[in-house]
Amino acid sequence: MATVKRTNQQVRENKGTIDRAKANAATEADIERWKREEGIDDEALVFTRFVPPLTDVHALRERLGLSQEEFAQRYMLSPRTIQEWEQQRREPSDAARVLLFAIANDPAAVAGALRPGKKLAPNKR
């Protein structure tokens with residue numbers, strides 16, 4: 001199988017060939033019928049992991065009232081990385097997207113967990 005490489009910009013611009021109206025109108029019965037016709041076995045499908053959508057880092061940082069330097073320091077990131085994300089020269093990795101998602105949902109908890117010198121809780125078994 002050939003590997004197709006595209007830039008992030010090309011991926012964002014690609015509208016795809018999905019018939020959105022058909023997909024939105026599909027019922028569970030339609031989906032089951034299509035799986036039978038295609039020979040798809042749910043048991044053979046691999047686990048799909050959730051990767052949060054891209055976070056608008058600039059908007060998040062502004063909402064928190066932090067400079068790029070303060071945001072980077074609080075969440076143990078490089079200020080240069082923050083700049084790259086905000087200027088859309090780079091996109092956050094999957095792991096960074098998870099971190100940004102957590103920050104967006106509970107910034108105080110994430111900042112507290114990343115506080116320098118914080119001791120790890122003992123592993124209780």
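Student: Is Glu84 buried or exposed in this structure?

Tutor: Burial is read from the relative accessible area, and a residue counts as buried when that value is under 20%. In this predicted model, Glu84 has a relative accessible area of 10%, and it is therefore buried. Glu84 is part of helix H6, and, when residues up to four places away in sequence are set aside, Glu84 touches Arg89 and Arg90.

Student: Which residues does Lys35 contact, and is Lys35 buried or exposed?

Tutor: The same cut-off of under 20% applies here, so Lys35, at 16% relative accessibility, counts as buried. Lys35 sits in helix H3, and, leaving aside its neighbours within four places in sequence, Lys35 is in contact with Ile40 and Asp42. Helix H3, which covers residues 28-38, also holds Arg36, but Arg36 has a relative accessible area of 60% and is exposed. Arg36 can also serve to compare a separation along the chain with a separation in space: Arg36 and Tyr75 are 39 residues apart in sequence, while their C-alpha atoms are 47 Å apart.

Student: How should I check the length of a helix, taking H7 as the case?

Tutor: One compares the span expected from the number of residues with the separation of the end C-alpha atoms. Helix H7 runs over residues 94-105, and at 1.5 Å a residue its 12 residues should span 16 Å; the end C-alpha atoms are 17 Å apart, which agrees with that expectation.

Student: Which residues of H7 are buried, and why can they be said to line one face of the helix?

Tutor: The buried residues of H7 are Ala96, Arg97, Leu100 and Ile103. Looking down the axis of H7, one finds these buried residues within an arc of 120°, so they line one face of the helix. On the face turned away from that buried side, H7 carries the exposed residues Ala95 and Asn105. As for what covers the buried residues of H7, the elements include helix H4 (57-64), helix H5 (68-74), helix H6 (79-86) and helix H8 (107-113).

Student: At what angle do H4 and H7 pack, and how far apart are their axes?

Tutor: Two packed helices are described by the angle between their axes and by the distance between those axes. For H4 and H7 the angle is about 30° and the axes are 11 Å apart, and the crossing of these two helices is left-handed. On the H4 side, the contact is made by Val57, Leu60, Arg63 and Leu64, and on the H7 side by Leu100, Ile103 and Ala104. Sorted by class, the contact of H4 with H7 has 6 nonpolar residues, no polar residues and 1 charged residue.

Student: Where is Ala104 placed, and which residues does Ala104 touch?

Tutor: Ala104 belongs to helix H7, and its relative accessible area of 26% makes Ala104 partly exposed. Not counting residues up to four places away in sequence, Ala104 touches Leu60 and Arg63. The C-alpha atoms of Ala104 and Arg61 are separated by 9.2 Å, although these two residues are 43 residues apart along the chain.

Student: Which residues of H4 are buried, and what do they pack against?

Tutor: In H4 the buried residues are Val57, Leu60 and Arg61. Around the axis they cover an arc of only 95°, which puts them on the same side of H4. These buried residues of H4 pack against H5, H6 and H7.

Student: What is the phi of Met76, and where is Met76 placed?

Tutor: Here one looks at the sign of the backbone angle together with the type of residue. Phi of Met76 is near 55°, a positive value in a residue other than glycine. Met76 is placed in the loop between H5 and H6, and with a relative accessible area of 52% Met76 is exposed.

Student: What is the phi of Gln88, and in which loop is Gln88 found?

Tutor: Gln88 is not a glycine, yet its phi is positive, at about 55°. The loop that holds Gln88 is the one between H6 and H7, and Gln88, at 64% relative accessibility, counts as exposed.

Key:
Residues numbered from 1 in each chain as written. Predicted model: local features only at pLDDT ≥ 70, side-chain atom pairs only at ≥ 80, totals over all residues. Heavy atoms only, no water. Helix = DSSP H or I, 4+ residues; strand = E, 2+ residues; numbered from the N terminus. Expected span 1.5 Å × (residues − 1). Buried < 20%, exposed > 50% of the residue type's maximum accessible area, 1.4 Å probe, protein only. Arc of directions from axis to C-beta. Contact = heavy atoms within 4.5 Å. Axes fitted to C-alpha atoms, helices over the stretch in contact; angles between N-to-C directions. Left-handed = near helix turned anticlockwise from the far one by under 90°. Nonpolar A, V, L, I, M, F, W, Y, C, P; charged D, E, K, R; others polar.
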